[in-house]
Every structure is written in structure tokens, then in C-alpha cells.
Amino acid sequence: MPFDVDRSARDESTEAWRALLGARRAARELSDGEPGLPPVGAPGRAARPAIAIPPDTLFAPLLHSDPARPFVVAQLGQSLDGRIADGLGESRYINGRRGLTHLHRLRALVDAVVIGASTAIADDPGLDVRHVEGDNPARVVIDRRGRVPPTLRLFRADGARRVVVVGAGARVAHAPGVEVLRVREDADGFAPADLVAALHAAGLRRQLIEGGAETVSRFIDAGALDRLHLIVAPVLLGDGPTGFSLKRPRRLSDCDRPPTRIYALGGDVLFDCDFSDAGSAGQRQQVEMADPQVE
Ligand SMILES: NC(=O)c1ccc[n+]([C@@H]2O[C@H](COP(=O)([O-])OP(=O)(O)OC[C@H]3O[C@@H](n4cnc5c(N)ncnc54)[C@H](OP(=O)(O)O)[C@@H]3O)[C@@H](O)[C@H]2O)c1
């Protein structure tokens, strides 16, 4: 598990960020993100952004992702004791300034930022990129039952697309311009793969799942993530909701250890976990249990 402070500093410089934004915009100009694209390799299409970026850059997997399929990254910030909000539900300042900058950079590189209904209601987040140079992504809320008020900040008209994902029977009353995406649901809600496919079909290829814990856990459980960025802050909250809770009961000896890189973000630590097929193929390690007989 390499820990590369030099690379963290390099990736965070203004020059590196401008190069990434350039790569992002070049990819957009090649119609990346549009539904019904011609196949990869066809004239007018590039599998990689026209502007080269170092392959070991933290954001390279996102920018180099296959333009023919969705790319899904989740991010959560948590305390040392694994909590994503304090006892009063406040989550905004768990991570430090550099963690926040990282989140805004992620937002600027994706087409859509996706949150669950409970986060929308609890935090009323703006979901913009005000701490960095770049464009605001589309704002998407998963609101199966239509319980998210239309007055929340994520629905403000500021030029970014606003999308509410609802079930077949949900009644919603949103302002003109807010897109209502109806997705098939079963007793357990929406299958994350169906959510990803519906957003992709709507022209939103790179998707950032920004919480909360239930939403991200559903994506991990369903194997619907390419990447997870987990930022751990050196703070003990002692109380409050915890991060992931996965359905599969697991013994330590059976658990997954996705290939992971670690970056320093000031006092916070970013774990960049690779859940993609490429990451899991041959690289997922089994935990070696010590044999008490031998010791
Ligand atoms: N530290 C961080 O990085 C961070 C980030 C975001 C949020 N938070 C905190 O997290 C807390 C909220 O998180 P949470 O885990 O309680 O809730 P959440 O993930 O924000 O929202 C869960 C709700 O979203 C809907 N939903 C999500 N996925 C769905 C699916 N696949 N199918 C159907 N419905 C789906 C459901 O709404 P219905 O119940 O209406 O069906 C579900 O109950 C807040 O305290 C917030 O401050 C922390």
C-alpha cells in the first residue's frame, strides 16, 4: 500500500489542477458523456483525453476511463472512530481544508454528483465547486418516495442540471427545469446498477456518489463502484452515525482488500480504493491469518 506524500503535493499544485481541467475539457469536447456515442476508436472519439496527464495521478483513473461506459466514484469523509457526522448530525467540518478542496476537485471532474434523500434533507448541501476552478456538475438526489423538499439548495437554478430520481409511483412537484428521472424499483429500492445506467443514458457518465453512508454502502454492496475515496480525519467524534454498513457478513479471513493508494491531504489521509474489474482481477488480496500453532 504505497504512501506517497510527494505525489500528493504534486497532484495538488495549481498547475497540475489546470492540466487536469484541460484534460477534462478536452474530453468533453470529444462528446464524452453523450448518450449514443460512436464506438471507441471511431473517428472523432478518443479513449484518452487529448491532453496527457501522468498515469499515476490520483485523478487519472477518472479521466482515462473508458468513454463507452459509466465511471462511478464514491467519496466519504470520516473520523478516526469511523463516524461520518457528529451526534447532532453535523458532517460539514470533519475533514480539513485540503480534504474539502479534494471533494470540490472531484465534483469539478465528474458529470454528476449524487446524494441520498437523507443527506439532502439533513445537510441542504450546495454541491458546487466554489473552492476550486472548474464547472459545477449536475446535482442528483435519490428520492424514491418524493420526500425531498423542492426548496433545497440543490434545486436552485444556477445553470447546472438538477435531477431527482424517483420511483414509479412517487409524486413530486419541482420547479420547471428540474429533471425527474423515474427508475424501476424493487422492494429494496433502486438497484445501484439501474441508477448508474439511467444517469448514463441521461448523458451523465462520470458519477460521484457523495453520500451518505447508506447510499454509498448500497453501491459497495452491489459492486457498482469503480473507486472509493475515503478521507479519514484525525478527530474522535465518539458519537454520531457510522460510515459503511455492508450487508454481507464477513469473516476477517474472507474480507476483500481492494488495491489501495494512500495520499496525505494535510492532516487528513485519503484512501483511494480500486473496486474496478481491473483492480479486482488478480490483485484483490486475501487476509493471511496467523496460525496460533506455529506461533
Ligand atoms: N462525512 C461525509 O462525507 C458525509 C457525506 C454525506 C452525508 N453525510 C451525513 O450522512 C447522514 C445521512 O446519511 P444516511 O446514510 O442516513 O442517508 P443517505 O445515504 O444520505 O440517504 C439514504 C436515503 O436515500 C434514498 N436512497 C439511497 N439509495 C437508494 C437506493 N439505492 N434505492 C432507493 N432509495 C435510496 C433512500 O431514501 P428513502 O428513505 O426516502 O427511501 C434512503 O433512505 C447525514 O448526517 C449527513 O450529514 C456525511
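Arg139 stands opposite Arg162, and Arg162 sits in β4. That's where I want to start. One caution straight away: this is a predicted model.

So, β4. The strand covers residues 162-166. β3 and β4 pair in the parallel sense, over four bridges. On to β5. Five bridges join β4 to β5, and these two run parallel as well. Here Val163 has Glu179 of β5 as its bridge partner.

How many of the five residues of β4 are buried? Five of five. And both faces are covered. On one side, the buried residues are Arg162, Val164 and Val166. On the other, they are Val163 and Val165. That split fits a general pattern. In a regular strand, side chains alternate between the two faces of the sheet.

Now zoom out. The chain has eight helices and nine strands. It has 295 residues, and 36% of them count as buried. Take contacts between residues at least 6 apart in sequence. Of those, 71% join residues at least 24 apart.

Next, the sheet. It is open, with nine strands and mixed pairing. The order is β5-β4-β3-β2-β6-β1-β7-β9-β8. Which strands stand at the edges? β5, residues 178-182, and β8, residues 260-265. Each has a single partner strand, so one side of each is left without a neighbour in the sheet. As for twist, neighbouring strands are turned by 20° against each other on average, direction ignored.

Let's go to the β8 edge. β8 pairs with β9, residues 268-274. The sense is antiparallel, over six bridges. Within this region, Arg261 stands opposite Asp272 of β9.

Stay in β9 for Phe271. Buried, exposed or partly exposed? Phe271 counts as partly exposed, because it has 15 C-beta neighbours inside 10 Å. Leaving out residues up to four places away in sequence, Phe271 touches Leu230, Thr260 and Ile262. There is also Val232. Phe271 and Val232 are 39 residues apart in sequence, yet 7.9 Å apart in space, C-alpha to C-alpha.

Now a helix on the sheet. α7 spans residues 213-221. Which strands does α7 lie across? β1 (71-79), β2 (112-116), β3 (138-142) and β6 (206-209). Relative to β1, α7 runs at about 135°.

Look at the loop between β6 and α7. Gly212 is in that loop. The peptide bond from Gly211 to Gly212 is cis, with omega near -5°.

Last stop: the loop between α5 and β3. Asp124 is there, with α5 covering 117-123. Leu127 lies in the loop between α5 and β3 too. What is phi at Asp124? Near 45°, a positive value in a residue other than glycine. Leu127 is not a glycine either, and has a positive phi of about 55°.

Their surroundings differ, though. Asp124 is exposed, with 12 other C-beta atoms within 10 Å. Leu127 counts as buried, with 26 C-beta neighbours inside 10 Å.

Why single out these backbone spots? Most residues other than glycine have a negative phi, and most peptide bonds are trans.

To recap, briefly. β4 has five of its five residues buried. β5 and β8 stand at the edges. The Gly211 to Gly212 peptide bond is cis. Asp124 has a positive phi, and so does Leu127. That's it from me.

Terms used
Residues are numbered from 1 along each chain as its sequence is written. This is a predicted model: local features need pLDDT of at least 70, side-chain atom pairs count only at pLDDT 80 or more; totals for chains, interfaces and linings use all residues. Two strands pair if DSSP finds at least two bridges between them. Axes are lines fitted to C-alpha atoms, for helices over the stretch in contact, and angles run from 0 to 180 degrees between N-to-C directions. Two residues are in contact if their C-beta atoms, placed from the backbone, lie within 7 Å. A residue is buried if 20 or more other C-beta atoms lie within 10 Å of its own, exposed if 12 or fewer, and partly exposed in between; C-beta atoms are placed from the backbone.
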